[in-house]
Amino acid sequence: MFTAFFIGNIASGKSLATRYLASRGAWRIDLDDLAKSLYEPESEIVNDLACAFGMHILDEDGCIITSELARSAFSDSEHTELLNQIVHPHVKERLARMLVPPFCCAASGPSCSLAVVEISVPKSFVDVFDLADEIVAISAPEELRRERALSRGMQIQDFDARSQAQPSEDELCSLADYVIENVDDMAGLLSAIDAWAEHHDIALKEPSDASFRLQEIQDKLGAARERA
Ligand SMILES: CC(C)(COP(=O)(O)OP(=O)(O)OC[C@H]1O[C@@H](n2cnc3c(N)ncnc32)[C@H](O)[C@@H]1O)[C@@H](O)C(=O)NCCC(=O)NCCS
Ligand SMILES: Nc1ncnc2c1ncn2[C@@H]1O[C@H](COP(=O)(O)OP(=O)(O)OP(=O)(O)O)[C@@H](O)[C@H]1O
């Protein structure tokens, strides 16, 4: 199995890229989702987060209120660092267990030729980069990412708070073996992903996700309109 880590700053297009690959047969792991799946009431991680940030981040059932945790954790760089120190060791441990299962369980893992892992805080995960065969950066200028994030409903203050905790695009790209500039339309991103897979001789299945097929149809209609 070829394992690729997809890194990128907020609203760079990592999810789009990795969801597309999943629709074509890849095994996809999103570390944002993986982290949240670990937030079980009364677990060590949730207790540590409540001690660090206050009981207001918990609801009456002891579950994390993500908007409250985000407000506290992205208020300044020290708080973001505290969040990372509490959560990331657990995420790394779980990721390593998923990608390198113990020998006795290896036969039960998914039988895909490609695994893609979406990592939104890459600087904190450099020490597990050796679990991947390649690091792929999805890069786009901050202004374009801000526009995309706002148009999917994010508040500007929330975007800016998270963005200030993230590396510059140059720094991000310097962590990667392969860089995809996501500055055109969605079809442009998908064909850059196809080119990346071809570059590695990774055979992808036909897209199984209707939304990606719809995108193909819309692109063909758009191209036909332009020709007319
Ligand atoms: C604070 C939380 C609860 C907010 O949840 P929410 O649903 O609003 O955001 P979500 O997890 O979907 O993340 C959206 C984006 O925010 C940014 N972001 C999230 N965590 C971080 C972080 N620690 N540092 C910088 N940016 C971050 C990323 O660009 C990410 O793609 C959540 O982001 C979280 O638990 N973060 C800590 C875990 C983490 O670092 N995840 C990233 C890789 S493990
Ligand atoms: N090339 C593109 N053209 C048009 N819209 C795009 C393009 N790339 C991404 N988008 C849109 O921008 C938004 C952010 O993309 P996406 O969710 O894939 O980014 P992300 O890096 O996973 O974000 P996050 O850091 O929040 O997890 C989405 O609404 C997505 O549909």
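By class, how many nonpolar, polar and charged residues does the shell around ligand 1 have? The answer is eleven nonpolar, five polar and three charged residues, and the tour returns to that shell once the fold has been laid out. Please keep in mind throughout that this is a predicted model.

**The whole chain**

Begin with the protein chain in cartoon view, where ten helices and five strands can be picked out. If you colour the 228 residues by burial, the buried ones make up 27% of the chain. Among contacts between residues at least 6 apart in sequence, 75% join residues at least 24 apart.

**The sheet**

Next select the five strands, which form an open sheet in the order β2-β3-β1-β4-β5, with parallel pairing. The edges are taken by β2 and β5 (178-181), each of which has a single partner strand, so one side of each is left without a neighbour in the sheet. Looking across the strands, you will find that the twist averages 20° from one strand to the next.

Now narrow the selection to strand β3, residues 114-119. Is this strand buried or exposed? Six of its six residues are buried, and strand β3 is therefore largely enclosed by the rest of the structure. The side chains to display are Leu 114, Val 116 and Glu 118 on one side, and Ala 115, Val 117 and Ile 119 on the other; all of these are buried, so that both faces of β3 are covered, a residue counting as buried if 20 or more other C-beta atoms lie within 10 Å of its own.

Keep β3 on screen and add strand β1 (residues 2-7), which runs parallel to β3 and is joined to it by six bridges. Then add strand β2 (residues 27-30), which pairs with β3 in the parallel sense over four bridges. Glu 118 is a useful residue on which to centre the view, since Phe 6 has Glu 118 as its bridge partner in β3, and Asp 30 likewise has Glu 118 as its bridge partner there.

Moving along the sheet, select β4 (134-139) together with β5, a parallel pair joined by four bridges. Within this pair, Ser 139 stands opposite Glu 181 in β5.

**Ligand 1**

Select ligand 1 and the 19 residues that surround it, of which the closest are Ile 10, Leu 31, Asp 32, Ala 35 and Ser 120. Helices α2 (31-37), α4 (66-73) and α5 (77-99) each supply at least two residues of this shell, and the largest share, five residues, comes from α5. With the shell in view, the opening tally can be checked by colouring by class: eleven nonpolar, five polar and three charged.

**Ligand 2**

Then move to ligand 2, which is surrounded by 18 residues, the closest being Gly 13, Lys 14, Ser 15, Leu 16 and Arg 148. Here α1 (14-23) and α9 (186-199) each supply at least two residues. The same colouring by class gives five nonpolar, seven polar and six charged residues in the shell around ligand 2.

**Helices α3 and α5**

Return to α5 and show it with helix α3 (residues 44-53): their axes come within 10 Å and cross at roughly 175°. The two helices are therefore roughly antiparallel to each other. To see where they meet, display Ile 45, Asp 48, Leu 49 and Ala 52 in α3 against Leu 82, Ile 86, Val 87 and His 90 in α5. The residues of this contact divide into six nonpolar, one polar and one charged.

**Two loop residues**

For the last stops, select Val 128, which is placed in the loop between β3 and β4. Val 128 is partly exposed, with 18 other C-beta atoms within 10 Å. Leaving aside residues up to four places away in sequence, Val 128 touches Lys 92, Leu 95 and Ala 96; Val 128 and Leu 95 are 33 residues apart in sequence and 9.1 Å apart in space, C-alpha to C-alpha.

Finish at Ala 165, in the loop between α7 (156-163) and α8 (169-174). Ala 165 has 19 C-beta neighbours inside 10 Å and so counts as partly exposed. Which residues does Ala 165 touch, not counting those up to four places away in sequence? They are Phe 74, Ser 77 and Thr 80. A distance label from Ala 165 to Glu 78, C-alpha to C-alpha, should give 9.9 Å, although the two are 87 residues apart in sequence.

Notes. Residues are numbered from 1 along each chain as its sequence is written. Chains are lettered from A and ligands numbered from 1 in the order in which they are written. This is a predicted model: local features need pLDDT of at least 70, side-chain atom pairs count only at pLDDT 80 or more; totals for chains, interfaces and linings use all residues. A residue is buried if 20 or more other C-beta atoms lie within 10 Å of its own, exposed if 12 or fewer, and partly exposed in between; C-beta atoms are placed from the backbone. Two strands pair if DSSP finds at least two bridges between them. A residue is near a molecule or strand if its C-beta atom, placed from the backbone, lies within 6 Å of it. Ala, Val, Leu, Ile, Met, Phe, Trp, Tyr, Cys and Pro count as nonpolar, Asp, Glu, Lys and Arg as charged, and the others, Gly among them, as polar. Axes are lines fitted to C-alpha atoms, for helices over the stretch in contact, and angles run from 0 to 180 degrees between N-to-C directions. Angles under 35 degrees count as roughly parallel, over 145 as roughly antiparallel, 65 to 115 as roughly perpendicular and the rest as oblique. Two residues are in contact if their C-beta atoms, placed from the backbone, lie within 7 Å.
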